[in-house]
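Here are a few short exercises to work through with the model open in your viewer. Try each one before you read its solution.

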Amino acid sequence: MNNLFKKKRYLYLITPSNLLTKKLPLKKYLEILNNVLKTKKVKFLQLRLKNKSRSQILEALKKISFLCKKNKTILFINDYVDDNFLNFCDGVHLGQKDLSKKKINKIFSKKKFLGVTCHNSKNLAKKALGLKPNYISFGSFFKTNTKKIKYKAKVENIDWFKKNFSLPCAAIGGIRIENCEKILKTKCNLLAVSAGVWDYKKGPIKAIKLFHKILNKNHENFSK
């Protein structure tokens, strides 16, 4: 997967925080997601669900996995490493509280990709390198309602990391059409977005197309 980042950078779409609620039941979301993925402009998707049962998350994963395979989108799941989950995803993203040697060995034994959260910490980023992940992430960069912000990252985190290491990195947290170019002035490989797509006033497909346009416009800076 790392070779992909040497050529261009990508939008890394995170599922909406209200997935599997009365406002956004799975059936309705799958219809929206199918149309989004059909644009062929989403290379990576992460299923991130909190406060839901394992059976609910697994059901969602199976159905989302089908859409991702159909549209050649690489699917990550947040935190879960059981065989039932690993059979339906391409990789796992682990937060600092979920990191363990046992989990990481399980992920790699199944030949899955690994992403690791590093917040805004140089120390955590250096430690993550020893785990041999496929990418690390920094965040949050902006205010967001998707999750409670405990760590505030800056573009300097990305600049430092990319200056010293070749591993791909993602930026996450409150990224929207209106503020993403600040991140794209760096060598960031992945632009991780959730509400900036799902809650976009003109709809998620319009947001995806605008992000794609901005990513292409800023490709020259990235490839230098």
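Helices here are DSSP runs of at least four residues and strands are runs of at least two, numbered from the N terminus. Keep in mind that this is a predicted model.

**Exercise 1.** Find where Lys 201 lies, and decide whether Lys 201 is buried or exposed.

Solution. Start with the elements: Lys 201 sits in the loop between helix H8 (195-198) and helix H9 (204-217). Next, the cut-off: exposed means over 50% relative accessible area. Lys 201 has 72% relative accessibility, so Lys 201 counts as exposed. Finally, look around: Lys 201 helps form a positive surface patch with Lys 202, Lys 206, Lys 209 and Lys 213.

**Exercise 2.** Place Asn 78 and name the side chain that shares a polar contact with the side chain of Asn 78.

Solution. Asn 78 belongs to strand E3 (residues 74-78). Buried means under 20%, and Asn 78 has a relative accessible area of 8%, so Asn 78 is buried. The partner is Gln 46: a polar contact of 3.0 Å links the two side chains.

**Exercise 3.** Compare the backbone at Lys 72 and Asp 79: what is phi in each?

Solution. Most residues other than glycine have a negative phi. Lys 72 has a positive phi, near 55°, and Asp 79 has one of about 85°. Lys 72 is in the loop between helix H2 (54-70) and E3, while Asp 79 is in the loop between E3 and helix H3 (83-86). With a relative accessible area of 70%, Lys 72 is exposed; at 13%, Asp 79 is buried.

How values were computed. Residues numbered from 1 in each chain as written. Predicted model: local features only at pLDDT ≥ 70, side-chain atom pairs only at ≥ 80, totals over all residues. Heavy atoms only, no water. Patch = residues over 30% accessible without salt bridge, like charges linked within 9 Å, V, L, I, M, F, W, Y side chains within 5 Å. Areas by Shrake-Rupley, 256 points an atom, 1.4 Å probe, with all protein chains shown as cover. Salt bridge = Lys/Arg side-chain N within 4 Å of Asp/Glu carboxyl O. Lys, Arg positive; Asp, Glu negative; His and termini not counted. Charge placed at Lys NZ, Arg CZ, Asp CG, Glu CD. Buried < 20%, exposed > 50% of the residue type's maximum accessible area, 1.4 Å probe, protein only. Polar contact = N/O pair within 3.5 Å; in protein donor to acceptor, adjacent residues only side chain to side chain.
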